[in-house]
Amino acid sequence: MKNIAELFGIKYPIIQGGMANVANHLLASAVSNAGGLGLIASGGDNAEIIREKIRLCKGLTDKPFGVNIMLMNPHVDAIAQMVIEEKVDVVTTGAGNPGKYMEAWKNAGIKVVPVVPSVALAQRMERAGADAVIAEGTESGGHIGELTTMALVPQVADHVSIPVIAAGGIADYRQVLAAFALGAKGVQVGTVLLATFECPIHQNYKDMVIKARDIDTIVTGRQTGAPVRVLKNPMAREYMALTKQNVSLEELEKLTLGSLRRAVFDGDIERGSFMAGQVSGMVHEMRSVKDVIESLFEPVADYKDQLKVL
Ligand code: TUI
């Protein structure tokens, strides 16, 4: 089976996570220029804002890149159509089932790669024509599923014949090797790209990730069915308190999305929602995107024959 570097026509079998409000044309083009697959994240943006970022990205790289569509976005129908018009190479999806858009994307020649938190959804996506699936474990930052990467990736790999991309808990080459050992044909990373020079977020956000230890993330909203992993801060503690009261899901989601913007754009340490994964404790310094990606794969070449990695 193809690894995802062959599938996408890129150098290294790595894709960038579709981080809402974070992953714009600057980050996506840096990842693609470094040999991975960069992604522009829809987050809660409307179709025209994302279209503009796609056009800017086309001016910054001649390599393939994609768009991540967050399916809880209220403008999702228009975004689904816009990526066809813009002839985007790859679409990844998150936070829902993209089934109703798959046929149109496939007919447009777009490679479709949904995030799946379970074997059942992976199988459904394969039947619907997905080119690969991203098995994202609960170690990830942001909106998460229940299963760990360690438990989810091999189970998904056993039940589909399309390539599986492992995500959640990957910050250095040991975790890349582990992902391939579990049956993945590629990896997705997010947190390790937050503390890069090219990542367009407030410096306070980068510093929070760099300072974080292993136990410094917390999952808000488990009780309401919208679990989101963030770095611990006063905002996260308030959210935890609110979910214990009778606040509506919409209200909580609004609070989370608004507070993500406060983290990304304002660097509001107290009131921002700093989405980040459990591997924040492995991020110790500012680096370039190229350095991050190369250091994830260079040692892996030594294991190439055992794992058929590259
Ligand atoms: O989507 C993510 N991570 C995200 S999205 C996001 S923006 C946001 N902010 C606040 C609240 C909610 C979202 C921040 N981080 N990762 C991919 C992912 N997809 N994780 C879990 C899922 C998922 C869950 C259920 C995918 C499919 C699914 O299907 C349910 C169904 O309908 O079958």
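## Contacts with the ligand

In this predicted model, a polar atom in the side chain of Glu136 sits 3.0 Å from a nitrogen atom of the ligand. The backbone takes part as well: an N or O atom in the main chain of Ala95 lies 2.9 Å from a ligand nitrogen, and a polar backbone atom of His143 is 2.9 Å from a nitrogen atom of the ligand. On its own the ligand would expose 710 Å², and the protein buries 80% of that area.

Let's look at the wider surroundings. There are 16 residues around the ligand, and those that come nearest are Met72, Ala95, Gly96, Glu136 and His143.

## The largest pocket

Now for the largest pocket, whose volume is about 1,100 Å³. Its lining is made up of 48 residues, of which Glu136, Gly141, Gly142, His143 and Ile144 are the closest to the pocket's centre. Several elements supply two or more lining residues: the strands β3 (65-70), β5 (111-116), β7 (142-143) and β9 (186-189), together with the helices α9 (191-194) and α12 (249-266). The biggest contribution is that of α12, with four residues.

What is the make-up of the lining by class? It has 25 nonpolar residues, 20 polar ones and three charged ones.

## Where the pocket sits

Where does the largest pocket lie with respect to domain 1 and domain 2? It lies between them, because both domain 1 (4-198 + 288-307) and domain 2 (203-281) give residues to its lining.

Conventions. Residues are numbered from 1 along each chain as its sequence is written. This is a predicted model: local features need pLDDT of at least 70, side-chain atom pairs count only at pLDDT 80 or more; totals for chains, interfaces and linings use all residues. Side-chain values use heavy atoms; hydrogens and water are left out. On a 1 Å grid over the protein atoms alone, a cavity is a set of points where a 1.4 Å probe fits but cannot get out, and a pocket is an open set with protein on both sides within 12 Å along at least five of seven lines; lining residues have an atom within 4 Å of a point. Grid points are joined across faces, edges and corners, and a volume is the space filled by probe spheres set on the points. Ala, Val, Leu, Ile, Met, Phe, Trp, Tyr, Cys and Pro count as nonpolar, Asp, Glu, Lys and Arg as charged, and the others, Gly among them, as polar. Domain bounds come from an automatic or database domain assignment. A residue is near a molecule or strand if one of its heavy atoms lies within 4 Å of it. A polar contact is a pair of N or O atoms within 3.5 Å; within protein, one must be able to donate a hydrogen and the other to accept it, and residues adjacent in sequence count only if both atoms are side-chain atoms. Accessible areas come from the Shrake-Rupley method with a 1.4 Å probe; for residues, only the protein chains shown count as cover.
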